[in-house]
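Work through the exercises below with the sequence and the coordinates open. Each task is followed by a solution in steps.

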Amino acid sequence: MKPGLLEVMRMNRICRMVLATCLGSFILVIFYFQSMLHPVMRRSPFGVDICCRKGSRSPLQELYNPTQRSLERVSPPWLELSNTAVLHQMRRDQVIDTCRANSIVSRKRRVLTPNDLKHLVVDEDHELIYCYVPKVACTNWKRLMMVLTGRGKYSDPMEIPANEAHVSANLKTLNQYSIPEINHRLKSYMKFLFVREPFERLVSAYRNKFTQKYNTSFHKRYGTKIIRRQRKNATQEALRKGDDVKFEEFVAYLIDPHTQREEPFNEHWQTVYSLCHPCHIHYDLVGKYETLEEDSNYVLQLAGVGSYLKFPTYAKSTRTTDEMTTEFFQNISSEHQTQLYEVYKLDFLMFNYSVPSYLKLE
């Protein structure tokens, strides 16, 4: 293929991507954005202030209109960049199309409250907004955000204890800003999230919160309630401890209309749609648990830190797999499977996950 034609194809693709992004933002974003952009201060990996030079590029610019310098980082540059760009454009399009197709659902809430933005972690120095979804590698991504925002305090994300990564004071979230500040960041920062096959994530949450003896707070808060509602002839010990919830009881609790009227789901089994509001906030990059390291390192590359910061790799011996999920659903009736699928249907559609083959939907 001639270089000239290749360049034309690349420019056409970028133009389509930028147009799609603008349209998506116009349709979905609910805030009034400020038009004036102000210079920001960046920090080097060693915590030294470096003022952004004129013409410096943000992750948002690198994503939608990569520089030649970015192209030189990949090999073969044209092919790999093209495939990556097309993949992430397809994921963005899938979200937008699902929101449009389910417009009645997405219109239920047009105005986001500060409480709706508490899952969006902000990195001022690198102009990033990350919506964390529990049970989708959020501990490691919070560790990475602590390194990025720590201004030299942290260097190795895996040296940060898991419990410290979940301390709210260690990261700043979007709900802590004023409305004009929120608008500015939603417009000019690169927004991303990571998703996972909904039922695999659900089983992972169940295994972690209800089968581990150390999670006594969850047993007391949710286990006792689930057993009281869903178990006939429960023993006094089970009602007191709540530490032996069966998966079938957990599913029955989730599909119970009384549960959904009583209070929002806990974040560990809440839908991504309700946690990150992708029909109101235009996410520039949707990473997937199935391609976690590749997508994570792509985000870090766009942020300009990929040369010295990588997504942590570790053994996943206890990871919830598709095979494991299949086993958990074997004892769930087809009626309850159908009702549960309806609860998580938007997540399946929005992030292009097919209906699991093990389901027996009515």
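The exercises go from the whole chain to helix packing, the sheet and single residues.

**Exercise 1. Overall composition**

Task: State how many helices and strands the protein has, and what share of its residues is buried.

Solution. The model is a predicted one. Step 1: the protein has 17 helices and 6 strands. Step 2: of its 362 residues, 51% are buried. Step 3: take the contacts with a separation of 6 or more; residues 24 or more positions apart account for 71% of these.

**Exercise 2. Packing of H12 on H17**

Task: Describe the geometry of the pair H12 and H17, and classify their crossing angle.

Solution. Two packed helices are described by the angle between their axes and the distance between the axes. Step 1: H12 covers residues 247–255 and H17 covers residues 334–350; their axes come within 9 Å and cross at roughly 55°. Step 2: angles from 65 to 115 degrees count as roughly perpendicular and those under 35 degrees as roughly parallel, so an angle between these ranges is oblique. H12 is therefore oblique to H17. Step 3: the crossing of H12 past H17 is left-handed. Step 4: H12 contributes Val251, Ala252, Leu254 and Ile255 to the contact, and H17 contributes His336, Gln339, Leu340 and Tyr344. Step 5: sorted by type, the residues of this contact are 6 nonpolar, 2 polar and no charged.

**Exercise 3. Packing of H9 on H12**

Task: Repeat the analysis for H9 and H12, and give the handedness of the crossing.

Solution. Step 1: H9 spans residues 198–210, and its axis comes within 11 Å of the axis of H12, with a crossing angle of roughly 115°. Step 2: H9 passes H12 in a right-handed crossing. Step 3: on the H9 side the residues are Leu202, Val203, Tyr206 and Phe210, and they meet Phe247, Phe250 and Leu254 of H12. Step 4: the division by type is 7 nonpolar, no polar and no charged. Step 5: Leu254 is listed for H12 in the contact with H9, and also in the contact with H17.

**Exercise 4. The sheet and strand E6**

Task: Give the strand order of the open sheet, then locate E6 in it and list its bridge partners in E5.

Solution. Step 1: the open sheet has 4 strands in the order E3-E4-E5-E6, with mixed pairing. Step 2: E3 (120–123) and E6 are the edge strands, each pairing on one side only. Step 3: from one strand to the next, the twist averages 25°. Step 4: E5 (residues 190–195) pairs with E6 in the parallel sense over 4 bridges. Among the bridge partners are phenylalanine 194 with glycine 287 and valine 195 with lysine 288. Step 5: in a regular strand the side chains alternate between the two faces of the sheet. In E6, Leu285 and Gly287 lie on one side and Val286 and Lys288 on the other; all are buried, and both faces of the strand are covered.

**Exercise 5. Positive phi outside glycine**

Task: For lysine 135 and histidine 277, give phi, the location, and whether each is buried or partly exposed.

Solution. Step 1: most residues other than glycine have a negative phi. Step 2: lysine 135 has a positive phi of about 70°, and histidine 277 has a positive phi of about 55°. Step 3: lysine 135 lies in the loop between E4 (128–131) and H6 (138–149). Histidine 277 lies in the loop between H14 (272–276) and E6 (285–288). Step 4: the relative accessible area of lysine 135 is 22%, so lysine 135 is partly exposed. At 7%, histidine 277 is under the 20% cut-off and is therefore buried.

**Exercise 6. Surroundings of two buried residues**

Task: Find the contacts of glycine 242 and serine 204, leaving aside neighbours within four places in sequence.

Solution. Step 1: glycine 242 sits in the loop between H11 (236–241) and H12, and its relative accessible area is 0%, so glycine 242 is buried. Step 2: its contacts are His219, Gly223, Thr224, Ile227 and Glu237. Step 3: the C-alpha atoms of glycine 242 and arginine 221 are 8.4 Å apart, with their positions 21 residues apart along the chain. Step 4: serine 204 belongs to H9 and is buried at 8% relative accessible area. Step 5: serine 204 is in contact with Lys135, Arg196 and Thr320.

Notes. Residues numbered from 1 in each chain as written. Predicted model: local features only at pLDDT ≥ 70, side-chain atom pairs only at ≥ 80, totals over all residues. Heavy atoms only, no water. Axes fitted to C-alpha atoms, helices over the stretch in contact; angles between N-to-C directions. Helix = DSSP H or I, 4+ residues; strand = E, 2+ residues; numbered from the N terminus. Parallel < 35°, antiparallel > 145°, perpendicular 65-115°, else oblique. Left-handed = near helix turned anticlockwise from the far one by under 90°. Contact = heavy atoms within 4.5 Å. Nonpolar A, V, L, I, M, F, W, Y, C, P; charged D, E, K, R; others polar. Buried < 20%, exposed > 50% of the residue type's maximum accessible area, 1.4 Å probe, protein only. Pairing = 2+ DSSP bridges.
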